[in-house]
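Me: I would like to work through this structure step by step. Please give the reasoning first and the result at the end.

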Amino acid sequence: MACTARTATTECVPRLVDRLVSDAKERQAVDPVPRKMAADAPEQIEKTLTFALISGQPPVRQIWQVSKPDAEITAVIHAMRLPVPPILAGRQGDPGLILPDSAVTPLAPGA
């Protein structure tokens, strides 16, 4: 089954919150001390995601992309664009980092 990647929208937020909270719980189960999750984590994630997706000028240049084989989001990738001197920028723009809060469901093709 082929997946497509697209930029996340505010309509994705409820499913992204579910996916990110589920991933955080999985990480916490493996190593609970450094991965303590706030009691209001879903609310904080929803607020932060919504701001990131609707803000015209977020404080950090970031990208949220989702992968969907059908109607279900199976992966979310969070990346940050890094400003660099023009001589270091490639033909496709500034380089970026994929951040560790990206997540993939076990249902994703190839997972």
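Me: Is Arg-19 buried or exposed?
Reply: This is a predicted model, and the value for Arg-19 is computed from it. The relative accessibility of Arg-19 is 9%. Buried means under 20%, so Arg-19 counts as buried.

Me: Which residue forms a salt bridge with Arg-19?
Reply: A salt bridge needs a side-chain nitrogen of Lys or Arg within 4 Å of a carboxyl oxygen of Asp or Glu. The closest N and O atoms of this pair are 3.7 Å apart. The partner is partly exposed, with a relative accessible area of 40%. That partner is Glu-26.

Me: How many salt bridges are there in the whole structure?
Reply: One joins Glu-26 and Arg-19. Another is between the side chains of Arg-27 and Asp-23, at 2.6 Å from N to O. A search of the whole structure gives a total of two.

Me: In which helix do Arg-27 and Asp-23 lie?
Reply: Arg-27 is partly exposed at 27% relative accessibility, while Asp-23 is buried at 11%. They are four residues apart, about one turn of the helix. Both belong to the helix of residues 13-30, H1.

Me: Which residue in E3 stands opposite Trp-64?
Reply: Strand E2 covers residues 62-68. E2 runs antiparallel to E3, residues 75-81, and six bridges join them. In E3, the residue opposite Trp-64 is His-78.

Me: What is the bridge partner of Arg-6 in E2?
Reply: Strand E1 spans residues 4-7. Four bridges join E1 to E2, and the two run antiparallel. The partner of Arg-6 in E2 is Val-66.

Technical notes
Residues are numbered from 1 along each chain as its sequence is written. This is a predicted model: local features need pLDDT of at least 70, side-chain atom pairs count only at pLDDT 80 or more; totals for chains, interfaces and linings use all residues. Side-chain values use heavy atoms; hydrogens and water are left out. Two strands pair if DSSP finds at least two bridges between them. Buried means under 20% relative accessible area, exposed over 50%, partly exposed in between (1.4 Å probe, protein chains only).
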